[in-house]
Structure formats: structure tokens, C-alpha cells
Amino acid sequence: MEPSIGVLMPIPIYEGLRRELKKRFIVYKLWEAPNKSEFIKEHAHSIRAYIGTSGFGADADFINALPNLEIIASFSVGTDLIDLELCKQKGIRVTNTPDVLTDDVADIAMGLILGVLRRLCDADRYVRSGGWKSVGDYKLTTKFTGKTVGILGLGRIGEAIAKRVEGFNCPIIYHSRSEKAGVKYKYYPSVVELAANCQILVVACSLTPDNHNIVNRQVIDALGPEGVLINIGRGAHVDEHELVCALGEGRLGGAGLDVYQDEPNVPPQLLELDNVFLLHHVGSSTFETRICMTDLVITNLDAHFFHNKPLITPVV
Ligand code: NAP
């Protein structure tokens, strides 16, 4: 049967998802439109679903411009860029892709920790540029095993990070808005206390209107000149200006970042520092996980439009 339901995609996302969507829907490719607002106006009445991402959400203006929007299926677990309250009010359903990306993001957090402490990128560059042959051994780095790791946000990803960190014989402590029942790690009721009591602070919480810049100057100073900040949550969790200053002034030992306040713009000062390890929001970017995320998006859309079944991963 010829597809008749319109789905809007903001960017190309993953080709496997595009293939599956094309089998079922008329896909409106926003990224190909020379004038995006004209394109949305032209197709507004045909669009019944929207595919969000971690970087492309749906604010009130966007949602209000699509009068027949029924569902936003986000190709991400984070839904911080979607106006969830407005969706609730308008009866627009929202889904995300939890669980299937947890392992990848936790793996990347471990990569960031080792990358910063053992200076992996710099050491790689040293070998490639011939330094080993011409100068000799690379400088000494910092041990990871046994360091105390503080996890900010002990959710799915935070717990998966903790599980991995246990393998490095590191004491684990955490802060979430509430203490978790049945969790063996020590709970700290404030982020500052958490930072003051760990050597590596890993940000793994979801972004809410209340926790922008939750890692502020006070938290960074509590972590201190030997401390390392890892962020795989969202860029807005960290006061980036304070982070850059603290790293530059030696008030913070190092940082490993997958996310930034204004992606894809990375503060240029960070690029000059050798105590940072920078990735470009690749926490869940593996072939295997993209396939699972695609399955979730498609299964949710199928349930909504074709099977009249409950959504698999509803947010709203
Ligand atoms: P989750 O299971 O919902 O966990 C989020 C945790 O954040 C919850 O345990 C919550 O605990 C905690 N939290 C929320 N607000 C907090 C606050 N103000 N202070 C401390 N903790 C707070 O979500 P998840 O699946 O683990 O994903 C977490 C986040 O990771 C996502 O929302 C997304 O932003 C990010 N992420 C990044 C990537 C990447 O590529 N880098 C990929 C996937 C996800 P309480 O409710 O007890 O406070």
C-alpha cells in the first residue's frame, strides 16, 4: 500500500531509520529544504509525526506550526529539547529510546576517563609524530584504578557506569535528587559534597529546567586541581565558561567531554588545552545501537498509527 501518513525529519539521522520510515510513511526531509519555515508551512497539514534527536527537539513555536501532529518519536533518550508540557496539553504523544543506548554511553564514559587520565590521544599523537623514536618515552600519566568516582545522576546510564567502574576497584559515590533504595553506593545530598569527596565526577543525569549549570564554579572548585570532570549528560549541565576558566587556571585537573552547551561549537580555549579529552556527542553512536534505536522508533510509530497498541517507550 502506498504510504499516506506524513513524517517530518529534521536531519538525515541514520540511513537504516530513513529506509524503514520510507517503507511506511511519506518522509518530509527538512534538511533538504532551502527555506525551512516555508517548507513546514507548505506541508504542515500533512505532517502527523516528527522524529526528534538529541540536538533537534520541538519547542512551542514548532509544535504549534504543525496542527495535525500526533506523535514525536525521539531518536534519543533525552527529551530536554521537547516542550513536554505543551505536548501533554495538546494530546501529542512523545516517545524516546531508553535502555538500548545505556551500554554504549557508559562505555564512552570509561573511554573519557581513561582518555583524560592516561592522556590517550596525546600519547597516540606522540607515536604518530615520531616522538617515541626521536625523544623517548612519553611522560608519566595518572592512575585510574582505585580513584573515587562520583556519579551525578544514578539512572540507567549512571548505574551502568558504576558497574563498569567497580571493575576498576574504585569506590563509588553518587548524588541524585533522592537517595535510591537498595543501592550500595554512598549517597551525598548535594552536588558540592559529592564533588568534594571524589576524584572523578561523572555527569550522567537527565537535563531538566532545574539543573542547568548544576556543575558550577562551587562544584568545580570542590572537585579541585587534582579532580577530573566527565560529562556524558548534556552540555547545559556544566557552566562551560567556569569550566574553561578552571582548566586554564589549573583549578581543575582535567575534563573529558562528549557534550557541550552550543553543539557543534566547542569553546576554542578547550582546543588549546592538553588536559582535556574531547568527543563530539558520540555516546550512542555505534552500528549496533543505531539499529536498536531504529527498532524502537519504528515500533512506537507502528503501534500508534497501524496497530492501535500501547506505545513501547512513552514519555508523554
Ligand atoms: P534516566 O534513567 O532517566 O536517569 C537520569 C537520572 O538523572 C535519574 O536517575 C535522576 O535521578 C537524575 N537526575 C535528574 N535530575 C537531577 C538532578 N537535578 N540532580 C541529580 N540527579 C538528577 O536517564 P538515562 O537513560 O540514564 O539518561 C541520562 C541522560 O544521559 C539523558 O537524559 C541524556 O541527557 C544523556 N545521554 C547522553 C548521551 C550521549 O550521547 N552523550 C546519550 C544518551 C543519553 P533522580 O530522579 O533521583 O534525581
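This text walks through a sheet and the helices described with it in a predicted model.

Start with the sheet. Strands of a sheet pair through backbone hydrogen bonds, either parallel or antiparallel. Here 7 strands form an open sheet, and their pairing is parallel. Read across the sheet, the order is β8-β7-β6-β9-β10-β11-β12. The edges are held by β8 (186–187) and β12 (276–278); each has a single partner strand, so one side of each is left without a neighbour in the sheet.

One pair of strands can be followed in detail. Strand β9 covers residues 200–203 and strand β10 covers residues 228–231, and the two pair in the parallel sense over 4 bridges. At one of these positions, I200 has V228 in β10 as its bridge partner.

A helix lies across part of this sheet. Helix α8 (residues 156–166) lies across β6 (149–152), β7 (172–175) and β9. The angle at which α8 runs to β6 is about 170°.

Now turn to a pair of helices. Helix α1 (residues 15–24) packs with helix α13 (residues 287–307) at an angle of about 15°, and their axes are 10 Å apart. Angles under 35 degrees count as roughly parallel, so α1 is roughly parallel to α13. The crossing of α1 past α13 is right-handed.

Which residues of α1 and α13 meet? From α1 they are G16, L17, E20, L21 and R24, and from α13 they are T294, V297, I298, L301, D302 and F306. Sorted by class, the contact of α1 with α13 has 6 nonpolar, 2 polar and 3 charged residues.

Conventions. Residues numbered from 1 in each chain as written. Predicted model: local features only at pLDDT ≥ 70, side-chain atom pairs only at ≥ 80, totals over all residues. Heavy atoms only, no water. Pairing = 2+ DSSP bridges. Contact = heavy atoms within 4.5 Å. Axes fitted to C-alpha atoms, helices over the stretch in contact; angles between N-to-C directions. Parallel < 35°, antiparallel > 145°, perpendicular 65-115°, else oblique. Left-handed = near helix turned anticlockwise from the far one by under 90°. Nonpolar A, V, L, I, M, F, W, Y, C, P; charged D, E, K, R; others polar.
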